[in-house]
Amino acid sequence: MAAIIRFDAVSVTVQDKNLLSEVSFTLQAGEKAVLCGASGSGKSTVLKTLLGMHRLAAGGIYFNGRPLNSKTVQSIRRYAAYIGQEPILGADTVRNALLLPFQFKAHRHLRPPESRLKDVLQRLRLPAELLSRDCAGISGGEKQRLALARGLLLEKTVYLLDEVTSALDAESKQAVFEVFADPQLTLLAVAHDADWLERSQTVFEMHAGRLTRTR
Ligand SMILES: Nc1ncnc2c1ncn2[C@@H]1O[C@H](COP(=O)(O)OP(=O)(O)OP(=O)(O)O)[C@@H](O)[C@H]1O
C-alpha cells in the first residue's frame, strides 16, 4: 500500500534552533497514529511542518507520493484538517461557523443541509440546540468537537489533532474515538493519555526534535 504521508529525514531550523532533526516516518491511508513526547519536544512542529507552515532545512515531505512544496501544499490542506487545542470558529453562531467554509467556491458543492449538520453534531454527542448558540459562549471541548464536525462536513480524510481530547469527558472522548474508527480516515494525534495509546496502531515518540517509532 502506498503511503499517504511520508517524512523523509526532515529537519526544521528556526533562528538557529533545530526544531526537527532528520524526522522520518510514514503513514498509510487509514492508519491511526499517536505522537507523544515531552513538552517542547517538537510534536506540534511536526503537524505544522506537514501543513507547510515551516520551511524545511533538509529532507522532504510527500503527500500521496507528491513532494510538498509551496506549489503543492494546497493538496494536503484540501484533504487534511488540523485541530488545535483552542480552534477558532470564526463566525457569530455555531451554525454559521459550521457553514463558513461552504461560502467559498471550492466547497460550495458540499454545502450540507440542516439535517446533516444535526447528524454530525449527534455523532459527536453535541446537542442540536448548539447550532443557534453564540460561538463566544462555547467551551473549549465543544469548540474542538465543532472543528472536527466541520472537518467531517468538508469530507476531510486526514486529521491532525493537537491534544484534542484533553479537555473532554469520557463520553465525548468516546464519540471522537468512534468517529476515527472509520477505516477511511487517517489520523495523526498528539496525545498522551492511555486511551489514545490503547487505540492506536502506531505510536511515535518525540525527543528534542527527533522522532522514533515505538509501536
Ligand atoms: N516559530 C518558532 N520559533 C522559535 N521556536 C519555536 C517556534 N515554534 C516552536 N518553537 C520551539 O520549538 C520547540 C518545539 O515546539 P513544539 O510546539 O513543537 O513542542 P510540543 O512538543 O508540541 O510541545 P507542547 O507539548 O508543550 O505543546 C519548543 O522549544 C518551542 O519553543
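Helices are DSSP runs of H or I with at least four residues, strands are runs of E with at least two, and both are numbered from the N terminus. By that rule, K173 belongs to helix α6, which covers residues 170-179. The structure is a predicted model, in which local features need pLDDT of at least 70, side-chain atom pairs count only at pLDDT 80 or more, and totals for chains, interfaces and linings use all residues. Residues are numbered from 1 along each chain as its sequence is written.

**The annotated region**

An unreviewed UniProt entry lists residues 5-214 as "domain: ABC transporter"; such positions are given here in the numbering of this model, with feature names shortened, and annotations may be inferred rather than shown by experiment. Over residues 5-214, the chain is 29% helix and 29% strand, and the C-alpha atoms at the two ends are 18 Å apart.

**The open sheet**

Strands of a sheet pair through backbone hydrogen bonds, either parallel or antiparallel. Here 4 strands form an open sheet in the order β2-β1-β4-β5, with antiparallel pairing. The edge strands are β2 and β5 (66-67), each of which pairs on one side only. Two strands count as paired if DSSP finds at least two bridges between them, and the table gives the bridges for each pair together with one example of residues that face each other.

| Strand pair | Bridges | Example |
|---|---|---|
| β1 (residues 3-14) and β2 | 8 bridges | R6 opposite T26 |
| β1 and β4 (residues 58-63) | 5 bridges | S11 opposite A58 |
| β4 and β5 | 2 bridges | Y62 with P67 |

The hairpin of β4 and β5 has 2 residues between the strands, and in this hairpin N64 takes a positive phi near 50 degrees.

**Around the ligand**

A residue is near a molecule if its C-beta atom, placed from the backbone, lies within 6 Å of it. There are 13 residues around the ligand, of which S39, G40, K43, S44 and T45 come nearest. Both β2 (17-28) and α1 (43-50) supply at least two residues of this shell, and the largest share, 3 residues, comes from α1. By type, the shell divides into 3 nonpolar, 8 polar and 2 charged residues, where Ala, Val, Leu, Ile, Met, Phe, Trp, Tyr, Cys and Pro count as nonpolar, Asp, Glu, Lys and Arg as charged, and the others, Gly among them, as polar.

**Core and surroundings**

A residue is buried if 20 or more other C-beta atoms, placed from the backbone, lie within 10 Å of its own, exposed if 12 or fewer do, and partly exposed in between. K173 is therefore buried, because 20 other C-beta atoms lie within 10 Å, whereas V203, in strand β9 (residues 202-207), is partly exposed, because it has 16 such atoms within 10 Å.

Two residues are in contact if their C-beta atoms, placed from the backbone, lie within 7 Å. Leaving aside neighbours within four places in sequence, K173 is in contact with T165, L168 and D195, while V203 touches V34, C36, L197, T214 and R215. The C-alpha atoms of V203 and T45, 158 residues apart in sequence, are 17 Å apart.

A nonpolar core is a set of buried Ala, Val, Leu, Ile, Met, Phe, Trp, Tyr and Cys residues joined through C-beta atoms within 7 Å. The largest one has 51 residues, and those with the most contacts inside it are L35, A149, L160, L161, L188 and A189. Beyond its neighbours within four places in sequence, A149 is in contact with L98, V120, L121 and L124.
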